[in-house]
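I opened a fresh page for this model. I wanted the sheet, a helix beside it and the ligand site, in that order.

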Amino acid sequence: MIETPSINKLAMKWDTDLTAAFHTFNQYTRRLEESYNQLQNRVKEIDREMALANARLKDKVQQLDSLTIYLNSLLSSIHSGVIAVNLEGKVSTINMAAEKILKVIKSNVMGTRVGEIFKNSDGGTSLLLLALEKKKNFIDVERKIVTNQGMVKWVESSVSLIKDTSENTIGAVEVFRDLSEIRELETRLRSADKLAALGAMAASIAHEIRNPLNGIEGFSALLGRDLDDSDPRKKLVKNIIHGTKNLNKTVTELLVFARPFRLNLKNSSISGILDKTLFFVTEEIKQKSIQNVIIRKEYDLDIDSLKCDPEKLQQAFLNLCLNAIQSMPSGGNLIVFTRSFGNDESEGIQVGIMDTGMGIKKEVVHKIFDPFFTTKQEGTGLGLAIVNKIVEAHNGKISVESQENKGTSFYINLPVKCNYESDTFGSRWENNEFLISQYL
Ligand SMILES: Nc1ncnc2c1ncn2[C@@H]1O[C@H](COP(=O)(O)OP(=O)(O)OP(=O)(O)O)[C@@H](O)[C@H]1O
Ligand SMILES: [Mg+2]
């Protein structure tokens, strides 16, 4: 007979198992709870760590931002040009001074090959690329560069390789100074010294020549008066008189050029001065029977009045117009214009005198303002030297653009504001006045 457990026994066993199961369940639940709590604590800890790391990162980014701003403002406030390139020779940094000196715009050149900026300079290979190629620095190299607009500039550059913390080259940086103004001043000073010496010498020679010259002209005229028109000697006498007249013109121009002058300043209308000039030009055209010259006036009358020496300016404008006429023996256009100008240095009136004549050869264009430089048979070569002297006395600037067989344009910038009293030009010539007056 099979013994069946009593209901009581079964109930007891089931109770014991259930109690054990609950116990185990409770244990697991507690462990789970503990693990959950630990996990929660860890998450909180990580959250705190992350918040701390974030704050540190934010701090670093802020520091980096202000460092970048500081470096950028440092770069923009220095007067030297700075250009940096990466290993491929592409521009990675360019400051404001470099933009100004090289006449480029940052947004156009960032990331482009630096050779593009210096394509007309350094024999085609930029100093920066040379430094990268030869793996060497260049210190204080003085060189001539040509901007992409064709402007010639003298700069002094130092190029250094950029290294990372492991001493690997990662690019190169060039720091350069614009020396053009200093060079121009030096040249002007040299030529002013030369002119001062020349002026003193010319004045003394002119004085020695002028008196006997007047005598020769007078006596020749007397000789000619006594000779018959049919006498072949009459022609010879005429030649003497023509020659002495020419020589007298040269000597007079030399004196005008050599003599110091004080400006007789008046508020004057520039278009008025130009109109008077053109009256004399028209007379000259008539006298010399020059055909087919058309004169065009383009005045900007909104800005017309200037404190200047009207007579001296008239003389300068006349010399320029006469040159223009002489460059168009078979006719052409003479355009005379005025307009306002304004740049970093000054503002004022620009006078332009343009012709469609034979132009000036490239090889001689830099010499045309030199005294005695002429390509004309009967020229003295003092016309433009006098123009230059008059423009400089007004603190102005003259420039020229010319193309052979197309024509020439002279631009004269006359500033509205200029301090004539403290002008060094005046005092230079004041000293000279004393020197020259001893000879006259
Ligand atoms: N508008 C022009 N077109 C072409 N060549 C010019 C022009 N103006 C000046 N030149 C050149 O510059 C030179 C110097 O000019 P500058 O007026 O000083 O002397 P010049 O005209 O030769 O003699 P002068 O003393 O009689 O004026 C000229 O001989 C000429 O070669
Ligand atoms: Mg002339």
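**Sheet.** I started with the strand order. I read 5 strands in an open sheet, in the order 2-1-5-4-3, with antiparallel pairing. I keep in mind that this is a predicted model.

Next I looked at the edges. Strand 2 (91–94) and strand 3 hold those places. Each has a single partner strand, so one side of each lacks a neighbour in the sheet. Then I checked the turn between neighbouring strands of this sheet: 25° on average, direction ignored.

**Pairs.** How many bridges link strand 1 and strand 5? I noted 6, in the antiparallel sense. For the register I took N86, which stands opposite G171 of strand 5.

I went on to strand 4 and strand 5. They run antiparallel and are joined by 9 bridges. Here I logged L161, whose bridge partner in strand 5 is A172. I also followed the hairpin that these two strands make. It has 5 residues between the strands. Within this hairpin, E167 takes a positive phi near 70°.

A reminder to myself on pairing: strands of a sheet pair through backbone hydrogen bonds, either parallel or antiparallel.

**Helix 4.** I turned to residues 127–134, which form helix 4. Which of its residues are buried? I listed L127, L128, L129, A131 and L132.

I then asked what these buried residues pack against. My list reads strand 1 (81–86), strand 3 (138–146), strand 4 (152–163) and strand 5 (169–178). So much for the partners of the helix.

I checked what comes after helix 4 as well. K135 follows, and its phi is positive, near 55°.

**Ligand 1.** Last, I went to the ligand site. I counted 23 residues around ligand 1. Which come nearest? I wrote down S327, T374, G379, G383 and L384.

I sorted the shell by character: 8 nonpolar, 12 polar and 3 charged residues. I also looked for helices that contribute to the shell around ligand 1. Helix 8 (310–326) and helix 9 (383–393) each supply at least two residues.

Definitions and conventions:
Residues are numbered from 1 along each chain as its sequence is written. Chains are lettered from A and ligands numbered from 1 in the order in which they are written. This is a predicted model: local features need pLDDT of at least 70, side-chain atom pairs count only at pLDDT 80 or more; totals for chains, interfaces and linings use all residues. A residue is buried if 20 or more other C-beta atoms lie within 10 Å of its own, exposed if 12 or fewer, and partly exposed in between; C-beta atoms are placed from the backbone. Helices (H or I, at least four residues) and strands (E, at least two) are DSSP runs, numbered from the N terminus. Two residues are in contact if their C-beta atoms, placed from the backbone, lie within 7 Å. A residue is near a molecule or strand if its C-beta atom, placed from the backbone, lies within 6 Å of it. Ala, Val, Leu, Ile, Met, Phe, Trp, Tyr, Cys and Pro count as nonpolar, Asp, Glu, Lys and Arg as charged, and the others, Gly among them, as polar. Two strands pair if DSSP finds at least two bridges between them. Axes are lines fitted to C-alpha atoms, for helices over the stretch in contact, and angles run from 0 to 180 degrees between N-to-C directions.
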